[in-house]
Amino acid sequence: MTSLRRGAVALILPFALIGCEAPGGRAATADAAARAVPEEVYEVALFAAIASGLAQDCPQLRFNEGEFRIAELELREKYGDATDLVGAVEDSPVLQARVERDGAAYIRRRGITPGDEASLCRAGSQERAERTDIARFLQPA
């Protein structure tokens, strides 16, 4: 698995997400690859990307690299090195649309104003207080 964090912020959240279409002919292959991505892998990548986005724009938070490495190792142990979420998202309009929906839903649910430090910090604090899956990847700065 390539490092999910490498491109996660640019791929997962509308903070920086740019949707694009796969070139003709690749869509069927890419969408088959999207279906092959285990749900647990997608969720961990989404949670880590959200945490990374919050930590990047909130000076009170830091992305927990150690927890991310542990999660990555757990996923490799369970699914093998062939699990490449970043590549699947980059190549799949289906997964790109899904991450756009999931990221937008998260932003609405948490009342985040993209680019607004206070709302991003508030969301990160809520995640930590509620001990969510996203909070696993956040720590105080």
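In the predicted model, Y106 is in contact with I50, L54, I112, A123, E127 and I134, residues up to four places away in sequence being left out of the count. Y106 is also among the residues with the most contacts inside the largest nonpolar core, a group that further comprises L54, F63, I112, I134, F137 and L138. This core has 28 residues. Two or more of its residues are given by each of helix 3, strand 1 (61-63), helix 4, helix 6 (93-110) and helix 7 (117-130). Helix 3 provides the largest share, with 10 residues. In soluble globular proteins, nonpolar side chains tend to be buried together.

Helix 3 spans residues 39-57 and thus contains 19 residues. The distance from its first C-alpha to its last is 27 Å, close to the 27 Å expected at 1.5 Å a residue. Of the 19 residues of helix 3, 14 are buried, under the criterion of less than 20% relative accessible area; helix 3 is therefore largely enclosed by the rest of the structure.

Helix 3 also contributes to the largest pocket, whose lining takes at least two residues from helix 3 and at least two from helix 4 (65-79). The space within this pocket amounts to about 160 Å³. Its lining is formed by E40, E43, V44, F47, A71, E74, L75, K78, D133, R136 and F137. Six of the lining residues are charged and five are nonpolar, while no polar residue is present. F137 belongs to the pocket lining and is likewise one of the residues with the most contacts inside the largest nonpolar core.

Terms used:
Residues numbered from 1 in each chain as written. Predicted model: local features only at pLDDT ≥ 70, side-chain atom pairs only at ≥ 80, totals over all residues. Heavy atoms only, no water. Helix = DSSP H or I, 4+ residues; strand = E, 2+ residues; numbered from the N terminus. Expected span 1.5 Å × (residues − 1). Buried < 20%, exposed > 50% of the residue type's maximum accessible area, 1.4 Å probe, protein only. 1 Å grid on protein atoms, 1.4 Å probe; cavity = no way out; pocket = protein on both sides within 12 Å on 5 of 7 lines; lining within 4 Å. Points joined across faces, edges and corners; volume = space filled by probe spheres on them. Nonpolar A, V, L, I, M, F, W, Y, C, P; charged D, E, K, R; others polar. Core = buried A, V, L, I, M, F, W, Y, C linked by side-chain atoms within 4.5 Å. Contact = heavy atoms within 4.5 Å.
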